[in-house]
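Here's a quick walk through a model, going from the overall fold down to single residues. Have the viewer open while you read.

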Protein chains: 2
Amino acid sequence: MTVAALAGGVGGAKLAFGLDRALAALKNPVDGAGEAGLTVIVNTGDDLVLHGLHVSPDLDTVMYTLAGLADRERGWGLAGETWNALAMLERYGAETWFRLGDRDLATHVRRTARLADGTPLSSVTAELRAALGVRATVLPMSDDAVRTRLRTDAGWLDFQEWFVRRHQVDRVSEVRFEGIERAGPAAGVVEAIESASLVVVCPSNPFVSVAPILAVPGVLAALGAARAPIVAVTPIVAGKALRGPADRMLAWRGSEVSPAAVAQLYAERYPGLIDGFVIDRQDEAMASRIEALGLRVLVADTVMDSDDDRVALARAILDWGQALPRVG
Amino acid sequence: MTVAALAGGVGGAKLAFGLDRALAALKNPVDGAGEAGLTVIVNTGDDLVLHGLHVSPDLDTVMYTLAGLADRERGWGLAGETWNALAMLERYGAETWFRLGDRDLATHVRRTARLADGTPLSSVTAELRAALGVRATVLPMSDDAVRTRLRTDAGWLDFQEWFVRRHQVDRVSEVRFEGIERAGPAAGVVEAIESASLVVVCPSNPFVSVAPILAVPGVLAALGAARAPIVAVTPIVAGKALRGPADRMLAWRGSEVSPAAVAQLYAERYPGLIDGFVIDRQDEAMASRIEALGLRVLVADTVMDSDDDRVALARAILDWGQALPRVG
């Protein structure tokens with residue numbers, strides 16, 4: 001089976017890792033069920049230019065995680081990273097609120113150089129992930145520049161300015177994806193959706209990770225026309241976001257902070273798009289509310305602490321998802 | 001006293017270090033002899049773009065050496081350097097024949113970003129050296145791009161291609177400084193020469209370190225009009241270059257490999273420019289040949305192994321040089 005996954009950063013990367021390993025175990029199966037493969041379509045609205053370098057935080061998190069190189073303690077960047085270039089940049093008076101490790105810096109240097117050669121971001125990403133031994137296809141949502149901007153009490157902010165520099169303290173009242181109307185899906189995005197036997201919306205932030213991908217002109221239409229069932233995994237467990245500000249962003253809208261609220265958000269914003277919704281065992285009591293939205297529900301262990309957790313969740317989603325009727 | 005020094009990489013940087021420390025010791029002197037200071041005018045014909053980054057090897061060697069941060073064993077780059085970004089760049093398939101350490105990489109990233117902002121190289125260099133606590137003024141010879149190209153048995157090569165990548169194996173038959181006719185001296189270069197009480201041509205390669213500086217339109221005229229004596233220090237000691245290919249480049253021209261040959265080269269190429277020439281004690285017997293060219297000669301210990309060696313040579317040059325009559 002072939003899976004297209006829509007992902008932001010850490011949460012999406014963890015499930016992508018599980019899906020990649022689970023699908024690899026299906027390859028060359030005894031029953032000859034054909035090719036198995038994963039394409040991860042990644043948010044690039046968070047991309048930024050730092051020290052003149054093109055940084056794609058979500059693409060890198062997905063790529064490093066799939067390569068088994070991501071740092072688990074810190075939750076971002078590379079394991080065993082060193083910080084000598086950053087210390088020197090700081091000495092030179094450069095802004096260092098966005099922490100770039102030495103090896104991570106090489107990724108941005110290489111990406112920037114290849115982009116400057118005229119190579120599209122999707123091709124550059126293909127080079128980088130191949131070099132890191134990543135088996136899955138990793139695609140930026142778009143080869144065009146899209147910039148997530150947030151209207152806050154402190155004015156309009158770029159995503160990383162709000163997320164990293166200001167530690168998400170400013171209440172967000174509006175989200176915009178600048179440049180989105182001129183953007184198109186990156187090469188391979190529509191094809192991956194069209195040929196998928198299952199589409200998985202990863203447990204990423206619905207407002208700033210999933211929404212930009214769905215906002216790229218052509219992506220929603222491709223998903224609507226897809227033959228594959230589309231399942232979304234909750235980024236909210238027991239009233240909290242596992243990571244990041246999704247819980248606060250729900251609360252700021254006056255919404256309940258729950259998987260049901262996320263399911264409702266998807267159902268309202270993208271009617272008929274999602275066929276199934278995956279919630280955590282801790283939120284099992286909420287299943288009927290989500291089913292009432294017309295969605296099938298899978299109750300699973302969605303908190304992915306270990307590699308085994310990731311693969312187990314992925315397996316549960318694959319088993320359940322591929323048998324789902326397409327209602328969208 | 002104020003000194004303007006013309007320098008390439010390692011050899012020039014060592015003497016610049018000595019001059020800086022020796023002049024600092026003269027500051028606020030008991031006899032009220034006024035301000036003492038050093039301006040180092042550095043070759044940028046070796047500059048290159050690597051991974052999209054602007055690398056200025058000679059500027060950095062001078063800057064790191066003056067800051068006391070240069071690696072002494074290796075002879076280039078920063079002491080205590082790490083190489084993690086380079087390993088990652090290699091993994092990405094990038095060319096890594098030019099070794100960039102992690103902290104050194106930050107210098108190039110910062111320089112490139114500031115240049116991209118429209119800041120001239122001389123201003124960027126001023127920022128970098130100030131951040132590193134360098135007291136001396138360090139100036140690129142020009143804010144304009146000049147590229148040293150070498151005609152070799154293997155065709156025309158960029159300087160670093162020949163010097164680093166191909167280990168100077170290709171015989172050089174011609175040296176060109178591309179872009180030199182459109183280049184001007186960087187801001188401060190002519191002023192430093194005009195206001196100097198001594199000009200020192202460091203023990204750098206005459207063909208590829210000193211010649212490009214002197215080839216920048218306006219520099220030779222400024223030196224010719226300078227009130228200060230101009231002294232050059234031999235890069236050849238006992239028939240060998242202390243570092244780099246100056247000895248081979250002399251031999252390839254059919255020239256003797258000796259300080260006298262270098263003095264003659266300067267006298268022929270730049271008639272009347274040099275007033276005094278500094279040779280090593282090991283070559284003392286050659287003094288009369290150099291004096292016959294119309295140059296005063298200082299015999300000194302020119303091999304600078306330790307910081308003390310550097311300062312001692314600088315002191316000897318300052319004492320002798322400032323009393324020299326200007327014959328040029």
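What follows covers the fold of one chain, how the two chains meet, and a few spots worth a look.

**Overall fold**

Keep in mind that this is a predicted model. Chain A is built from 13 helices and 14 strands. Its radius of gyration is 19 Å, close to the 20 Å that the globule rule gives for 328 residues, so chain A is as compact as a globular protein of that length. Measure the C-alpha trace of chain A along its principal axes and you get about 55 × 50 × 40 Å. Of the 328 residues in chain A, 53% are buried. Contacts also reach far along the sequence: if you take those in chain A between residues at least 6 apart, 68% join residues at least 24 apart.

**Two copies, one axis**

How does chain B map onto chain A? A rotation of 180 degrees, with 0.0 Å of shift along its axis, superposes chain B on chain A with an RMSD of 0.0 Å. The two copies are thus related as by a two-fold rotation axis. If you want to find that axis from chain B, go to Asp102(B): its C-alpha is the nearest one in the chain, 3.1 Å away.

Now for the interface. Here 24 residues of chain B are in contact with 24 residues of chain A. On the chain B side, helix 3 (84–91), helix 4 (102–116) and helix 5 (121–131) each supply at least two residues. Helix 4 of chain B gives the most, with 10 residues. Sorted by class, the side of chain B that touches chain A has 13 nonpolar, 7 polar and 4 charged residues. And 100% of the interface residues of chain B are also interface residues in chain A, so the copies meet through the same surface.

**Strand 1 of chain A**

In strand 1 (residues 2–7) of chain A, 5 of the 6 residues are buried, so the strand is largely enclosed by the rest of the structure. Here are its pairings with two other strands of chain A:

| Partner of strand 1 (chain A) | Sense | Bridges | Residues standing opposite |
|---|---|---|---|
| Strand 2 (residues 37–42) | parallel | 6 bridges | Ala5(A) and Val40(A) |
| Strand 9 (residues 198–201) | parallel | 4 bridges | Ala4(A) and Val199(A) |

**Core and helix 2 of chain B**

Ala5(A) turns up again in the largest nonpolar core, which has 218 residues. The residues with the most contacts inside that core are Ala5(A), Ala16(A), Ala5(B) and Ala16(B). Leaving out residues up to four places away in sequence, Ala16(B) touches Ala5(B), Ala7(B), Leu38(B), Val40(B), Val62(B), Thr65(B), Leu66(B), Ala136(B) and Cys202(B).

Helix 2 (residues 57–66) of chain B is mostly covered, with 10 of its 10 residues buried. Among the buried residues in helix 2 are Val62(B), Thr65(B) and Leu66(B), along with Asp58(B) and Asp60(B). Just after helix 2 of chain B, Gly68(B) takes a positive phi of about 75 degrees.

**A loop residue**

Is Ala292(B) buried or exposed? It has 11 C-beta neighbours inside 10 Å, so Ala292(B) counts as exposed. You'll find Ala292(B) in the loop between helix 12 (287–291) and strand 14 (296–300) of chain B. Ala292(B) is 28 residues from Gln264(B) in sequence, and their C-alpha atoms are 9.9 Å apart in space.

Methods. Residues are numbered from 1 along each chain as its sequence is written. Chains are lettered from A and ligands numbered from 1 in the order in which they are written. This is a predicted model: local features need pLDDT of at least 70, side-chain atom pairs count only at pLDDT 80 or more; totals for chains, interfaces and linings use all residues. The radius of gyration is taken over C-alpha atoms; the globule rule is 2.2 Å times the number of residues to the power 0.38. A residue is buried if 20 or more other C-beta atoms lie within 10 Å of its own, exposed if 12 or fewer, and partly exposed in between; C-beta atoms are placed from the backbone. Two residues are in contact if their C-beta atoms, placed from the backbone, lie within 7 Å. Ala, Val, Leu, Ile, Met, Phe, Trp, Tyr, Cys and Pro count as nonpolar, Asp, Glu, Lys and Arg as charged, and the others, Gly among them, as polar. Two strands pair if DSSP finds at least two bridges between them. A nonpolar core is a set of buried Ala, Val, Leu, Ile, Met, Phe, Trp, Tyr and Cys residues joined through C-beta atoms within 7 Å. Copies are superposed by least squares on the C-alpha atoms of residues with pLDDT of at least 70 in both.
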